[in-house]
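Please open the structure in your viewer and keep the selection panel at hand. The tour goes from whole chains to single residues, with one selection at each stop.

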Amino acid sequence: MVKVNVPFMQTGTLVVGNRLLDETDRSVQAWQGRPSCLTHGHRACQGCAEALAARWVLDTAMEVTDGKLMVANATGCLEVFSTLYPESAWKVPWIHSLFANSASVATGIAAVLRARGRTDTRVIAQGGDGGTADIGLACLSGMFERNDDVLYVCYDNQGYMNTGAQRSSATPPATRTATTPAVGRDPGAPFGQGKSVPRIAMAHDIPYVATASVADLRDLEAKVRTAMSHRGARYLHVLVTCPLGWGTKSADSIKMARLAVRCGLFPVFEAEYGEVTASTPIRDRVPVEEYLRPQRRFAHLFGPNGDEIALGRIRHMAERNIRQYNLCPEGSRS
Amino acid sequence: MHELLEGSQAVARAVGLCHPDVVCAYPISPQTHIVEALSGMVRTGKLVNCDYINVESEFAAMSVAIGASAAGGRVYTATASQGLLYMAEAVYNASGLGLPIVMTVANRTIGAPINIWNDQSDSLSQRDSGWLQLFAIDNQEAVDLHIIAYRLAEEISIPIMVCMDGFVLTHATDVVDMPTQEQVDAFLPSFTPRESLDIDNPRSIGMMAGPDIFTETKYLSHRAMLGAIDRLEEVSGEFEAIFGRRTGRPVRVLGAANGSDSVPGRHGQIAVIAMGSVLGTLQAIQPVLRASGVDIHLIGLGAFRPFPSRALAAAIGQASRVVVFDRAIQVGIGGVLSGAVRRAMKGSPAPLHSVAAGLGGRPITEDSLAAIVRQAHAGDLSDLTFMDLRDDVIEKVS
Amino acid sequence: MFQIVIHGRGGQGVVTASEMLARAGFAGGFQVQAIPSFGSERTGAPVVGYTRFSESKIFTREPILTPDAVIVLDPTLLRAMNPFHGLASGGWAAVNTRESPNEVRRISPDAPPTPGHLATLPADDIVREYLGRPIPSAALLGAFAALTGKITLQSVADAVTHLFKGKVASGNIASAEVAYKWVEDHRGQEDVGAPNGIAHVDADRPTEAELPHALIGSPEVSNA
């Protein structure tokens, strides 16, 4: 089920005022007993959306599992900023092994829990887009095809931000990164490359695949709940703004993620057993330029030496997403 | 009970007697028969409360093992050759995290050129990975060492590779005294991890350690590894008390005239040092050599990590010469084992000869071994020899 | 020490034969060892298996270079190689072929010259009667038992039963019995050629499904 946003416009945002809601409708962050799995004191950048998303995902899962949760974390920003010895920001049993293997480590944890009959304890693996789409894809695919009882969460900030913003296979075309500089004839990341891990996940026919963004935390929370209601391999792909890597203002992280969704470049949908079951309609569609222009990583597309051809191709990508996932159904406002 | 078993089947049963929670493996020759047997034992219910996981790579095999071990499970995997290299990153990680995983390495060489046959290049390439490496002479030792490995690994929180020569042991059918479940239960307590993922006591495992603390972690690993030498010796003694045979000594003298396995070498003797199944063939030729006046003092290394330098130096004693049969070489330097032996022999005047033998499955014959030892006896052996080198091939190249 | 080399081709059960032979020797009170010579063998490629019997503990791991006995599972190997290479003087050989012992000696000069030390038998024909396909290992072990007396026919049957069940087991045991009797019957008739084929028997042969799978669990197929 997809949570459709109820616009409480008096706040000026889409955030639902929790106190106005029935208790059962309140977010996990309104829960007094919320564990704050990723607690304060970590070293994430100002405006880091990955930290926010990880806290929401794990707090929700903790609530759903009644505190019986274990987490395997890939190498990456999330690991580095949270656990520099001797301090840890995690309030959940947590292990970091390597960059590429968090899905496999989670499989191992789940296997022991199964062998010992402790299947009430659940396992989440998490990593960034590099650890998911690139170096960790084999382990992830193995976990999917065996249908191991693991929820894998990818926090996608569209590049290797931990090492200085290099290109990953989740980096969108035309993006300026440290390894796809905005120079030469086709500046930025090439068109016609990259991959959609959610669709790769769907190809494994696993019980549940969903995308979400840090702009809609209630939707993210709902998807974690749905994911945790399934057994077997599940995949959640969360778009998280990286102010450092994207070149955006720290205060705009939520706004940027929302624009990514509203312009059609990041489709928000759910799939079960390989078939799309729901997609979140775009409300107030915006042109892709509105999303791209504030980001320094796309600055070369604009201005007197702008790249209208590249912009056209990006517009085309948004159109294709909208068509493919039915993001602007008949009668919707756009 | 004495049974006739293929080495791999015997090892699989020994692992089963240790009741692992998780077995995860990716197939590679010559390890396959072991994991095939274990998957069968899980499927048929002979091994209960155990999950067998068919993983997609050796890297995943070790990663699953890491997760399972960190969650407090007793874990088993097995690999060889390219597979061990493919999992290498996770191999180092497992020891760094202090996870007592036990892994069989069915020793096989490393390509290119691709070659599926036996030498010990694979596990010896991981000599600095922080794992213990125990080497079996025969399949009886292979069986026993797995049981000893779980006991020791879990006690000291260091993972252990049990190394057995691929094909030569894994595929050989021998008489093995299979331990009983009662014996294993008396020897091997259930696994109580030093620390694990625990919902009642959440911990962060695998944190980043900066320059302020990293040296200390390495020092502690080093200290723990050194301590493992004595502990292995003790555990081997405890094993003997229950199973009635001594297996697992880091260093032992084989076929000594007085039957002792720790008598030091004497002046005039040639100390012959090796690891693994070649020791059997050396034992076979020992009486013949002795009868012809070549007195070999045969020293078998049961552990390469920890490297029992002191015990080895003591076992070499006053031997006049040392011949090391190396089953792996450091290209451009010489034998891997002989390098370690040389370091252990510091200060000894005895010349050391390294003999690269049986690389990539080249059969190690009694005649070739005897000829080498006789050459050493006559003072004609060079510092580094490639045994049975085919001069016709070399000449063509040069 | 009594050392036996078994020659055959991938798929004929060379490894199984060397293990069954070891098992039969073990039952007879020997210390034993069976080592297959491994490679990336594929069906049809020459394969060698080594078995040792000894009164005392066997230490050596070298391949058998000077066998006391040779068992040849595949008749075509006689012309493709010299399976009797290194055979000790006074050594034995049991060969699956329709040729006579003297014909084998003519093809392969290293074949045992000693009268009564070379047995030839049409094992494929025998086995086909009971198993429906030529997997001659048990039959050759029966012949080996009769030829050398190192193992008993019963121990061969026990070794077969240890590895196989049902009709596959009974067919192999029956083949071993026929082969054993063949050698007994032809003892001292080295110069009499083996006839082409044997009398057909009315055997209850195993179905395809009952036969061991050629690949699964077969140690002769190894993937590099």
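What follows is a walk through a predicted model, taken stop by stop.

**The chains together**

Begin by colouring the model by chain. Two pairs of chains are in contact, and of these it is chains A and B that share the most contacts. Chains A and C, by contrast, do not touch, and their nearest C-alpha atoms lie 21 Å apart.

**Chain B as a whole**

Now select chain B alone and show it as a cartoon, in which 14 helices and 18 strands make up its secondary structure. Its C-alpha trace spans about 70 × 55 × 45 Å along the principal axes. The radius of gyration of chain B is 21 Å, which agrees with the value near 21 Å that a compact globule of 398 residues would have. Of those 398 residues, 59% count as buried. If you turn on contacts within chain B and keep those between residues at least 6 apart in sequence, 79% of them join residues at least 24 apart.

**Two cis peptide bonds in chain B**

Select B:A112 and B:P113 next, since a cis peptide bond with an omega of about -5 degrees joins these residues. To place B:P113 in the chain, look at the loop that runs between β5 (102–107) and α6 (121–125) of chain B. Then move on to B:R305 and B:P306, which are also joined by a cis peptide bond, with omega at about -5 degrees. B:P306 belongs to the loop between β13 (303–305) and α11 (309–316) of chain B.

**Positive phi in chain A**

Hide chain B for a moment and select A:A165, which is not a glycine and yet has a positive phi of about 65 degrees. This residue lies in the loop between β4 (151–156) and α6 (197–202) of chain A. Is A:A165 buried or exposed? A:A165 counts as buried, because 24 other C-beta atoms lie within 10 Å, where 20 or more are required.

Another stop of this kind is A:Y273, again not a glycine, with a positive phi of about 50 degrees. A:Y273 counts as partly exposed, because it has 14 C-beta neighbours inside 10 Å, a number between the limits of 12 or fewer for exposed and 20 or more for buried.

**The strands around A:Y273**

Widen the selection to β7 (269–272) and β8 (275–279) of chain A, with A:Y273 in the loop between them. These strands form a hairpin with two residues between them, and A:Y273 is in the turn. β7(A) and β8(A) pair in the antiparallel sense over four bridges, and along them you can find A:E270 opposite A:A278 in β8(A). Strand β5 (residues 208–213) of chain A also pairs with β7(A), in the antiparallel sense and over two bridges; here A:V209 has A:A271 as its bridge partner.

**Where chain A meets chain B**

Finally, bring chain B back and select the contact between the chains, where 39 residues of chain A are in contact with 38 residues of chain B. On the side of chain A, β1 (69–73), β2 (94–96), α3 (102–115) and α5 (137–145) each supply at least two residues, and the largest share, 11 residues, comes from α3(A). By class, that side of chain A has 22 nonpolar, 12 polar and five charged residues. Which strand of chain B pairs with β2(A)? It is β9 (residues 204–205), in the parallel sense and over two bridges, with A:I95 standing opposite B:I205 in β9(B).

Conventions:
Residues numbered from 1 in each chain as written. Chains lettered and ligands numbered in written order. Predicted model: local features only at pLDDT ≥ 70, side-chain atom pairs only at ≥ 80, totals over all residues. Contact = placed C-beta atoms within 7 Å. Rg over C-alpha atoms; globule rule 2.2 N^0.38 Å. Pairing = 2+ DSSP bridges. Nonpolar A, V, L, I, M, F, W, Y, C, P; charged D, E, K, R; others polar.
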